[in-house]
Amino acid sequence: MTPKKFGNPFHGVVDMITEMNRISDTMSSIETSQAGERERGYADAWSPPTDILARGDDLVIRCEVPGVYEQDVAVSLSHGILTISGERRRDDDDVVYYSSERYMGTFRRDISLPEEVTENDIEASYGEGLLEVTVHGAANTAAPRKISIRRRKRQ
């Protein structure tokens, strides 16, 4: 018998601020025709397009990072936050760009995972511009618990 699936237990897993920054950057780049020209640091890193899905009991995270070498991608876990980071490098200095629309420089994506996940539960693979991170057993964790709010007394 298949276990009953509840609503998305990872509601809110997408970093909304990062996503809003990505949309804002895309819109301003279109307006100024300067997409991908400036170098970025972690504070304003671009976010690769990412899918988060369940495959059986596993949570699967797929990030599109074409043009990024395997050695330039890192996956880490700290305090329940999975961080996917790296850098897409420009060609040699002797190249003249007539048009540059791809984001260059560092990228970063932070994803909240269930509390019980450890680094032993995580496996990552990379090929053909697609990073796939599998978090074993994380797809059927309990939904977030609602915290009741009581009225504060005036002082």
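Start by selecting Asp72 in this predicted model. Asp72 is buried, at 13% relative accessibility, because the cut-off for buried is under 20%. What does Asp72 form a salt bridge with? The partner is Arg89, and the closest N and O atoms are 3.1 Å apart. Show both side chains. Asp72 sits in the loop between β2 and β3 (73-78), and Arg89 in the loop between β4 (81-88) and β5 (105-112). The two residues are 17 apart in sequence, and the pair links distant parts of the chain. Now colour Arg89 by accessibility. Arg89 counts as partly exposed, at 47%.

**Step back to the whole chain**

Zoom out and switch to a cartoon view. The protein has one helix and seven strands. Follow the chain along the sequence, and the pattern reads α-β-β-β-β-β-β-β. The protein has 155 residues, and 32% of them count as buried. Turn on the surface. About 11500 Å² is accessible, and 50% of that belongs to carbon and sulfur atoms. Then look at contacts with a separation of 6 or more: residues 24 or more positions apart account for 63% of them.

**The open sheet**

Select β1, β2, β7 and β6. These four strands form an open sheet in the order β1-β2-β7-β6, with antiparallel pairing. Which strands lie at the edges? They are β1 (50-55) and β6 (122-127), each of which pairs on one side only. Look along the sheet. On average, neighbouring strands are turned by 20° against each other, direction ignored. Strands of a sheet pair through backbone hydrogen bonds, so a backbone view is useful here.

Next, keep β2 and β7 on screen. They pair in the antiparallel sense over six bridges. Find Leu59; Val135 in β7 stands opposite. Then find Ile61, whose bridge partner in β7 is Val133.

Now swap β2 for β6. β6 and β7 also pair in the antiparallel sense, over six bridges. Ser125 has Glu132 in β7 as its bridge partner. Move to the turn of this hairpin. Two residues lie between the strands, and Glu128 takes a positive phi near 55°.

Stay with β7 for one more look. Is this strand mostly covered or mostly open? It is mostly covered: five of its six residues are buried.

**A bridge across the sheet**

Select Arg62 and Glu132. They form a salt bridge, with the closest N and O atoms 2.8 Å apart. Arg62 lies in strand β2 (residues 58-64) and Glu132 in strand β7 (residues 130-135), so the pair ties together parts that are 70 residues apart in sequence. Check how covered each one is. Arg62 is partly exposed, at 26% relative accessibility. Glu132 is buried, with a relative accessible area of 18%.

Add Arg55 to the selection. Arg55, Arg62 and Glu132 are linked in a network of salt bridges.

**Another charged pair**

How many salt bridges does the structure hold? There are five. One further stop is Asp110 with Arg108. Their closest N and O atoms are 3.3 Å apart. Asp110 counts as partly exposed, at 24% relative accessibility. Arg108 is also partly exposed, at 30%.

**Into the nonpolar core**

Hide the charged side chains. Select Ile61, Ile84, Leu113 and Val135. These residues have the most contacts inside the largest nonpolar core, which has 19 residues. Which elements give two or more residues to this core? They are β2, β4, β5 and β7.

Finish on Leu113, and display what surrounds its side chain. Leaving out residues up to four places away in sequence, Leu113 touches Leu59, Ile61, Leu77, Gly80, Leu82, Ile122 and Val135. Some of these have already been on screen. Leu59 is the residue opposite Val135. Ile61 is the bridge partner of Val133.

Technical notes
Residues numbered from 1 in each chain as written. Predicted model: local features only at pLDDT ≥ 70, side-chain atom pairs only at ≥ 80, totals over all residues. Heavy atoms only, no water. Salt bridge = Lys/Arg side-chain N within 4 Å of Asp/Glu carboxyl O. Buried < 20%, exposed > 50% of the residue type's maximum accessible area, 1.4 Å probe, protein only. Pairing = 2+ DSSP bridges. Axes fitted to C-alpha atoms, helices over the stretch in contact; angles between N-to-C directions. Core = buried A, V, L, I, M, F, W, Y, C linked by side-chain atoms within 4.5 Å. Contact = heavy atoms within 4.5 Å. Areas by Shrake-Rupley, 256 points an atom, 1.4 Å probe, with all protein chains shown as cover.
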